Every structure is written in structure tokens, then in C-alpha cells.
Amino acid sequence: MSPAVASFDLEARLLRANALLKGHFQLTSGRHSDRYVQCALLLAQPKEAEAACIALADKLADTRPELVIGPALGGILVAHEVARRLGTPCFFAERKDGPMQLRRGFAIKPGARVLVVEDVVTTGGSVQEVADLVATAGGNVVGLGSLLLRGAASPFKLRYECLLHLPIDSWEPAECPLCKQGRTAIKPGSRPGK
Ligand SMILES: [Zn+2]
């Protein structure tokens, strides 16, 4: 195993990978923000994905999981790298006609200690849904984790760890201070490579 990371600077790594942009952005919701994160651009670099997931896995290692699960798509890669670090199998849950499901022969042993991880948590909806799915299947959810937390605080009752808390600051366009400065909001991710 690689040595544990005492302090892992995810923000610096996101900036270096152009996965965290500062400026004036129009989000999918239509609201404006001064920051935009595209975690996939960090995870696109396997060494960066590995390093971040080692740091997250080490924060949750004391939960002694026997299985790591992530919600598709964003959570799959994170779950896989965290599972590699912790020496467990890795499953993923995916949406089929609405709710999250375990497909592809993924079966949870009754009482199995399970960690649920994701790349980015905002409202925590997908992670909670997977945790509920695991519990319904008879598993014991021992912890939750994500690389990044973009909500104001952890939305979970269960133990939760993240590497970086970067709450979204956003405004309706009419209230946006950057618009008031006469700057034009851009839609990130609307063009490949932009
Ligand atoms: Zn604006």
C-alpha cells in the first residue's frame, strides 16, 4: 500500500487539472456562480484519481468495509479506486426506469459492511438512495464518502467523509453580482474541451 496522505489538497489538484474553474458561469439550473467544478477532468488522470481515492479511503478505513458501492456514473470510478485501496470488491448501482438498482449479478451478503462513495455530493440524493438500496438488500452501511461536498453541510445522518468542502455560491441572474459588473456568464462544458 502507498503511504497514507496526511493532508491532501484536492482544491490545488482540481485547479491544476482545470477541473475547478473560477470566473462567471451559468449552471445547468440557470443560476450563476463564480466557480465551476468538473470532477471528471481530475479523474481522467488515473494517477490523480488513484491519489484522491487513496486519501478518501484512508479517512474511512476504520469503518472496516467488506464492500464498496458507488452510484453510476460518477461514483463507479471512485468506488473502484477506494475498493482497491481497502482491499474489497466494488459494485455499482445504476438507474433503470427511475430508481437505483443493483444489476449484473451484484448480490450483497446479509450483514455485509458496505461503504457508499461518490465523486461529488450536493444534495446527497443518489448516495442516500444507494445506501437505502444496500440496507433493503440486507447490507450494513458503515459509512459514506465523496471527494467533494458542494452542499452547505453534510446532508446525511450516517458517518460521512469528504476531501474538500466547497459549497456552491450561486445566484439568480437578476441578483448576480458578476452580471452587475457587466461580465458575461459562460456555460461551461457546453463545448467539448471547454
Ligand atoms: Zn451572472
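# Exercises on a predicted fold

Strand 2 (32-37), helix 2 (39-43), helix 4 (74-86) and strand 6 (113-121) each contribute at least two residues to the lining of the largest pocket. Helices (H or I, at least four residues) and strands (E, at least two) are DSSP runs counted from the N terminus. The model is predicted, so local features need pLDDT of at least 70 and side-chain atom pairs pLDDT 80 or more, while totals for chains, interfaces and linings use all residues. Residues are numbered from 1 along each chain as its sequence is written, and side-chain values use heavy atoms, without hydrogens or water.

**Exercise 1.** Find which residues lie nearest the centre of the largest pocket.

*Solution.* Start with the lining, which has 22 residues. Then move to the centre: Thr28, Tyr36, Val37, Gln38 and Arg150 lie nearest. A pocket here is an open set of points on a 1 Å grid over the protein atoms alone, where a 1.4 Å probe fits, with protein on both sides within 12 Å along at least five of seven lines; lining residues have an atom within 4 Å of a point.

**Exercise 2.** Work out how strand 1 and strand 2 are joined, and which sheet holds them.

*Solution.* First, count the bridges: five join strand 1 (residues 20-26) to strand 2, and the two run antiparallel. Strands pair if DSSP finds at least two bridges between them. Next, pick out partners: Leu21 is bridged to Tyr36, and Lys22 to Arg35. Tyr36 has turned up before, as one of the residues nearest the pocket centre. Now look at the turn: five residues separate the strands of this hairpin, and Gly30 has a positive phi near 95°. Finally, widen the view to an open, antiparallel sheet of three strands in the order 1-2-9. Strand 1 and strand 9 (170-171) are its edges, each pairing on one side only.

**Exercise 3.** Trace the six-stranded sheet and place helix 3 and helix 5 against its strands.

*Solution.* Write down the order, 5-4-3-6-7-8, for an open sheet with mixed pairing. Its edge strands are strand 5 (100-101) and strand 8 (160-165), which pair on one side only. At the strand 8 end, five bridges tie it in parallel to strand 7 (residues 140-149), with Leu148 partnered by Leu164. Helix 3 (residues 46-60) packs on the sheet and touches strand 6, strand 7 and strand 8, its direction making about 140° with that of strand 8. Helix 5 (residues 125-136) lies across strand 3 (67-71), strand 4 (90-95), strand 5, strand 6 and strand 7, at about 165° to strand 6. Contact means heavy atoms within 4.5 Å. Axes are fitted to C-alpha atoms, for helices over the stretch in contact, and angles run from 0 to 180 degrees between N-to-C directions.

**Exercise 4.** Locate the cis peptide bond and a positive phi outside glycine.

*Solution.* Recall the background: most residues other than glycine have a negative phi, and most peptide bonds are trans. The bond from Ala72 to Leu73 is cis, with omega near -5°; Leu73 sits in the loop between strand 3 and helix 4. Arg64 is not a glycine, yet its phi is positive, about 50°. Arg64 belongs to the loop between helix 3 and strand 3.
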